[in-house]
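Me: I would like a close look at a single strand, followed outward into its surroundings until the rest of the chain comes into view. Please take your time and keep the answer connected.

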Amino acid sequence: MSNSPGTLYGIGVGPGDPELITLKALRVLKQVPYIFAPGSTKNDYSLALNIVSRYLNQARIEYLPFPMTTDRDLLQAAWEQNARTVLRVLTSGQDAAFITIGDPLTYSTFGYLLRTVKNINPAIKVITIPGITSYHAAAARANIPLVEGDESFYLVSGAGGAARFREAIATTENMVMLKTYRYFGEIYQVLDELNLLDRALCISFCGLEGETIVQDLRTLKDKQMSYLSLIIIRKQSNRS
Ligand SMILES: C[S@@+](CC[C@H](N)C(=O)[O-])C[C@H]1O[C@@H](n2cnc3c(N)ncnc32)[C@H](O)[C@@H]1O
């Protein structure tokens, strides 16, 4: 057992297509002895793990459960417990990776883990390896620019609902909304009111089985969105 603690790697594995992963992420994933994957407390499925499983060697894999709740105390307790699980490995001298879909510093559970680990033990070395975000992959699949010239771009969470969306869209030319699933109905209504239905497109399961790219949002009226869905809006025009 070594005296110096191992390094924590936060690795973005891209949004779905297993080829959308960096060489650096691949190298580290093949060499770390321990890989932590996020899983919900309800099931052990981890999309991040599914994306990279074909590349892994002999690493020990452990799920870090976190509750699907907005209760801050419950979340804090879960992250504290998860951070301590990771720290047990690191303080034994072994390196460990935490894998996450897309980029690890973009709406990712890795942000919480990183903060909690650092709060408990500021001496731990953390290396974050960026990943291709869901919206970069989605823009590529649809062949549409996210920003051009002097345009600006707003990344927003759909979890803020229609009010947040209305406020944000007023200030920018282009927008990407992640986490669209819960309030899609009311977001659709605002798009309709602002005459932006023709300026938006919705991509679900980007790079995964069942991928859809919907150019005509009207076909999604009153439909239930899947969790893995995002919307790209270009006020100017998103079609060539
Ligand atoms: C918690 S955020 C994770 C974002 C991720 N870290 C990134 O860099 O894209 C989850 C949201 O990302 C979007 N997302 C992630 N993967 C996706 C995919 N393969 N297809 C479409 N949307 C995806 C969805 O909007 C989903 O609700």
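How many of the seven residues of β2 are buried, and what does that say about how far the rest of the structure encloses it?

Reply: Because the model is predicted, what follows describes computed geometry. Five of the seven residues of β2 are buried, so this strand is largely enclosed by the rest of the structure. Strand β2 covers residues 34-40, and its partners in pairing are a good way to follow it outward.

With strand β3, residues 60-66, β2 pairs in the parallel sense over seven bridges; within that pairing, A37 has Y63 of β3 as its bridge partner. With β4 the strand β2 also runs parallel, here joined by three bridges, and in this case I35 of β2 is matched with A97 of β4.

Strand β4, residues 96-100, then deserves the closer look. Five of its five residues are buried, so β4, like β2, is largely enclosed by the rest of the structure. In a regular strand the side chains alternate between the two faces of the sheet. In β4 itself, A96, F98 and T100 point one way, while A97 and I99 point the other way, and all of these are buried. A97, the bridge partner of I35, therefore belongs to the pair that it forms with I99 on one side of β4. Strand β1, residues 8-12, is joined to β4 by five bridges, again in parallel, and there G12 has T100 as its bridge partner in β4. T100, in turn, points the way that A96 and F98 point.

From these strands one can step back to the domains. The domain assignment of the protein gives domain 1 as residues 8-129 and domain 2 as residues 134-234, and the C-alpha centres of the two lie 27 Å apart. Contact between them involves seven residues of domain 1 and eight residues of domain 2; by class, the side of domain 1 that touches domain 2 has three nonpolar, three polar and one charged residues.

The ligand is where the two domains are brought into one picture. Domain 1 and domain 2 both give residues to the shell around the ligand, so the ligand lies between them. Of the 23 residues in that shell, G102, T133, S134, L178 and C206 come nearest. The shell as a whole has 11 nonpolar, 10 polar and two charged residues, and β8 (200-204) and β10 (229-234) each supply at least two of its residues.

One of those nearest residues, S134, leads on to helix α5. S134 is among the buried residues of α5, together with Y135, A137, A138 and A139, and the buried residues of this helix pack against β7 (174-178), β8 and β10. Strands β8 and β10 thus appear both in the packing of α5 and in the shell around the ligand. Just after α5, N143 takes a positive phi of about 55°. P145 follows in the loop between α5 (134-142) and β6 (153-157), where it counts as partly exposed, with 15 C-beta neighbours inside 10 Å. Although P145 and L228 are 83 residues apart along the chain, their C-alpha atoms are separated by 21 Å.

Loops beside β8 and β10 add further backbone detail. Most residues other than glycine have a negative phi, and most peptide bonds are trans. N195, in the loop between α7 (184-193) and β8, has a phi near 55°, a positive value in a residue other than glycine, and it is exposed, with 9 other C-beta atoms within 10 Å. D222 likewise has a positive phi, of about 65°, although it is not a glycine; it lies in the loop between β9 (212-214) and β10, and with 7 C-beta neighbours inside 10 Å it counts as exposed.

Finally, the whole chain sets these parts in context. The protein has seven helices and 10 strands, and buried residues make up 36% of its 240 residues. Among contacts between residues at least 6 apart in sequence, 71% join residues at least 24 apart. The C-alpha atoms fill a box of roughly 65 × 35 × 35 Å along the principal axes, and the radius of gyration of 19 Å agrees with the value near 18 Å that a compact globule of 240 residues would have.

Notes:
Residues are numbered from 1 along each chain as its sequence is written. This is a predicted model: local features need pLDDT of at least 70, side-chain atom pairs count only at pLDDT 80 or more; totals for chains, interfaces and linings use all residues. Domain bounds come from an automatic or database domain assignment. Two residues are in contact if their C-beta atoms, placed from the backbone, lie within 7 Å. Ala, Val, Leu, Ile, Met, Phe, Trp, Tyr, Cys and Pro count as nonpolar, Asp, Glu, Lys and Arg as charged, and the others, Gly among them, as polar. A residue is near a molecule or strand if its C-beta atom, placed from the backbone, lies within 6 Å of it. Helices (H or I, at least four residues) and strands (E, at least two) are DSSP runs, numbered from the N terminus. A residue is buried if 20 or more other C-beta atoms lie within 10 Å of its own, exposed if 12 or fewer, and partly exposed in between; C-beta atoms are placed from the backbone. Two strands pair if DSSP finds at least two bridges between them. The radius of gyration is taken over C-alpha atoms; the globule rule is 2.2 Å times the number of residues to the power 0.38.
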